[in-house]
Number of protein chains: 2
Amino acid sequence: MEVSAVFEVLALPARQAIVERLREGPATVGELAGALGLSQPLASKHLRVLRDCGFVSVRADAQRRWYELRPEPLREVDRWLEPYRWMWEERLDRLGDRLDAMARHEDEEE
Amino acid sequence: MEVSAVFEVLALPARQAIVERLREGPATVGELAGALGLSQPLASKHLRVLRDCGFVSVRADAQRRWYELRPEPLREVDRWLEPYRWMWEERLDRLGDRLDAMARHEDEEE
DNA sequence: ATGGTATATAACTGAGGGGGTATGCAATGG
DNA sequence: CCATTGCATACCCCCTCAGTTATATACCAT
């Protein structure tokens, strides 16, 4: 799974909200739609995208569909982030490398 | 800065590639366009978006514009990810909380 | 059977944005 | 000065995709 696809999924606030809501535990389509102010078809469509990207798994219970968050896509983001962490994490080694970077950061943004 | 805006920026492979390229150090528009196979106007447009989101800062040097990667937006992603890390990080505490989650994960995806 | 509930999907529409081409503009080097 | 380089922006087209409405399907209750 391409990490840019993961970013694309999270780029929409609605889908991001679904992911955040599912952190509390599994939920049905109706619950998600109600909690987030989405129409039922729209919630289903977003969940379809999330499902295709591995963000959620589904479990059938009568007519209900219980959606549950899965770790893998977010873990991919975490891995993708790894080579950038030196930029903000304080570490005693590599300190020298950061000094000139800090010097360049003296002029702030617009 | 909204984190979904950060995700939206990274959703495009071209912009993600620019970010990855800038990890090696500052670069000019022409260098980025050449290295990534983008037209110059397109590179400028993407860099404009990256700039508006705080991903990069610019430094003028004659006609050249040196773009440099800034940590803040990626750091925001890192922070956003924090409450999800328990899902894949192995920790001796909280182990009990994860057992039922593992049990639910026994049925695999499609 | 029948009506109601829960969800998925199809068809449609509108807007946003990526990408191209053309142009403007500043700074440089003869 | 004048041509060139480096970059930004304006304008345009087109395609994708979010969101709506309507419908199909499956399951439950009585």
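**Exercise 1. Strand pairing in chain A**

Find in which sense E1(A) and strand E3 of chain A pair, and over how many bridges.

*Solution.* Step 1: in this predicted model, E1(A) runs antiparallel to strand E3 (residues 64-69) of chain A, and two bridges join them. Step 2: take Thr28(A) as an example; its bridge partner in E3(A) is Trp66(A). Step 3: place the pair in its sheet, which is open, has three strands in the order E1-E3-E2 (chain A) and is antiparallel in its pairing. Step 4: strand E1 (27-28) and strand E2 (56-61) of chain A are at the edges and have a single partner strand each, so one side of each lacks a neighbour in the sheet.

**Exercise 2. The interface of chain B and chain A**

Describe the contact between chain B and chain A: how many residues take part, how much area is buried, and which elements of chain B contribute?

*Solution.* Step 1: count the residues; 32 of chain B are in contact with 32 of chain A. Step 2: turn to area. The size of an interface is often expressed as the accessible area lost when the parts come together. Here chain B and chain A bury about 3400 Å² between them, with 58% of it on carbon and sulfur atoms. Step 3: look for charged pairs. The rule finds two salt bridges across this interface; the side chains of Asp78(B) and Arg85(A) form a salt bridge at 3.0 Å, N to O. Step 4: assign the side of chain B that touches chain A to elements. Helix H1 (3-10), helix H2 (13-22), strand E3 (64-69) and helix H5 (72-81) of chain B give two or more residues to it. H5(B) gives the most, six residues. Step 5: sort the residues of that side by class, which yields 16 nonpolar, three polar and 13 charged.

**Exercise 3. The surface near DNA strand D**

State which residues come nearest to DNA strand D, and find side chains that approach a base nitrogen or a phosphate oxygen.

*Solution.* Step 1: of the 21 residues around DNA strand D, the nearest are Lys45(A), Gly30(B), Gln40(B), Ser44(B) and Tyr67(B). Step 2: sugar and phosphate make up 63% of the atoms of DNA strand D that come within 4 Å of the protein. Step 3: an N or O atom in the side chain of Arg15(A) is 3.1 Å from a phosphate oxygen of the strand. Step 4: for base nitrogens of DNA strand D, the side chain of Lys45(A) has an N or O atom 2.8 Å from one, and a polar side-chain atom of Gln40(B) lies 2.7 Å from one. Step 5: by class, this surface holds seven nonpolar, eight polar and six charged residues.

Notes
Residues are numbered from 1 along each chain as its sequence is written. Chains are lettered from A and ligands numbered from 1 in the order in which they are written. This is a predicted model: local features need pLDDT of at least 70, side-chain atom pairs count only at pLDDT 80 or more; totals for chains, interfaces and linings use all residues. Side-chain values use heavy atoms; hydrogens and water are left out. Contact means heavy atoms within 4.5 Å. Buried area is the accessible area (1.4 Å probe) that two parts lose on being put together, summed over both. A salt bridge is a side-chain nitrogen of Lys or Arg within 4 Å of a carboxyl oxygen of Asp or Glu. Helices (H or I, at least four residues) and strands (E, at least two) are DSSP runs, numbered from the N terminus. Ala, Val, Leu, Ile, Met, Phe, Trp, Tyr, Cys and Pro count as nonpolar, Asp, Glu, Lys and Arg as charged, and the others, Gly among them, as polar. A residue is near a molecule or strand if one of its heavy atoms lies within 4 Å of it. A polar contact is a pair of N or O atoms within 3.5 Å; within protein, one must be able to donate a hydrogen and the other to accept it, and residues adjacent in sequence count only if both atoms are side-chain atoms. Two strands pair if DSSP finds at least two bridges between them.
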